[in-house]
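Please look over the sequence and the structure shown below before reading on. The report that follows takes up the surroundings of a ligand, then a sheet, and then an annotated region.

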Amino acid sequence: MTGAFQASLLGLDEELGVRPLGGAVRRTVLDHGAWIDVRRGWLSGADTLFARLTEVVPWHAERRHMYDKVVDVPRLLKFYDEGETLPDRVFDEAMRALDAHYQEELGEPFRTVGLCFYRDGRDSVAWHGDTIGRGSTEDTMVAILSVGTPRSLLLRPRGGGPSIRHDLGHGDLLVMGGSCQRTWEHAVPKTARPTGPRISVQFRPRGVR
Ligand SMILES: O=C(O)CCC(=O)C(=O)O
Ligand SMILES: [Fe+2]
């Protein structure tokens, strides 16, 4: 794995687990029926999870057609569909905590875990909504847990308009909800600054991608 992540020295002996959601979640209501929730420092023991994921996940590179060319996807990936054994038990704990907090509003459980590895500032994800599945037609939720080097997640309305920046730090949770996947787009832009690795963990309901 390229790049070394400077572990937060005080957090190395923290137990791996999730802290309460409840009143610690801050919601921002966006236009067109979308919203964003942020819970800073949701994960304790984030150093431990980061180290484990770099070691045990069978990361793979992908190539995609872009117009008339085949290009490298600028990040490493791994997707765990429902029923697959997850690389760490804390993901099950995290999903059950998200279910307890969001089930009434979401109406179904979170079921899949997508992972992205951003090796350095050259890795990124371009503007998109998670619209491969039901997110293109229905309100849904995508919950993102971020570990490693902080990166900016940007959001902008699909029709155009100013973008909103969230700097996602080690252990932070951001949840995109309502119509966010079809009326807004999100991106993690490249950065020219020296940037260590980051792992993004996306929890989604069935049929959302
Ligand atoms: O890195 C992130 O947090 C965003 C990842 C993302 O948007 C996706 O995988 O669909
Ligand atoms: Fe996405």
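Which strands each supply at least two residues of the shell around ligand 1? In this predicted model, that description fits β8 (110-118), β14 and β15 (198-205). The residues that surround ligand 1 are Gly 114, Cys 116, Val 125, Asp 130, Ile 144, Leu 153, His 186, Val 188, Ser 200 and Gln 202. Sorted by character, the shell around ligand 1 holds five nonpolar residues, four polar ones and one that is charged.

Strand β14, which contributes to that shell, also belongs to an open sheet of four strands, arranged in the order β9-β14-β11-β12 with antiparallel pairing. Because β9 (125-128) and β12 (164-168) stand at the edges and have a single partner strand each, one side of each is left without a neighbour in the sheet. From one strand to the next, the twist averages 15°. Within this sheet, β11 and β14 pair in the antiparallel sense over four bridges, and Arg 156 has Glu 185 in β14 as its bridge partner.

The two strands of this pairing span the following residues.

| Strand | Residues |
|---|---|
| β11 | residues 151-157 |
| β14 | residues 184-188 |

Turning to the annotation, an unreviewed UniProt entry lists residues 109-207 under "domain: Fe2OG dioxygenase". Over residues 109-207, the chain in the model is 4% helix and 53% strand, while the C-alpha atoms at the two ends are 11 Å apart.

Key. Residues are numbered from 1 along each chain as its sequence is written. Chains are lettered from A and ligands numbered from 1 in the order in which they are written. This is a predicted model: local features need pLDDT of at least 70, side-chain atom pairs count only at pLDDT 80 or more; totals for chains, interfaces and linings use all residues. Two strands pair if DSSP finds at least two bridges between them. Axes are lines fitted to C-alpha atoms, for helices over the stretch in contact, and angles run from 0 to 180 degrees between N-to-C directions. A residue is near a molecule or strand if its C-beta atom, placed from the backbone, lies within 6 Å of it. Ala, Val, Leu, Ile, Met, Phe, Trp, Tyr, Cys and Pro count as nonpolar, Asp, Glu, Lys and Arg as charged, and the others, Gly among them, as polar. UniProt positions are given in the numbering used here, feature names are shortened, and annotations may be inferred rather than shown by experiment.
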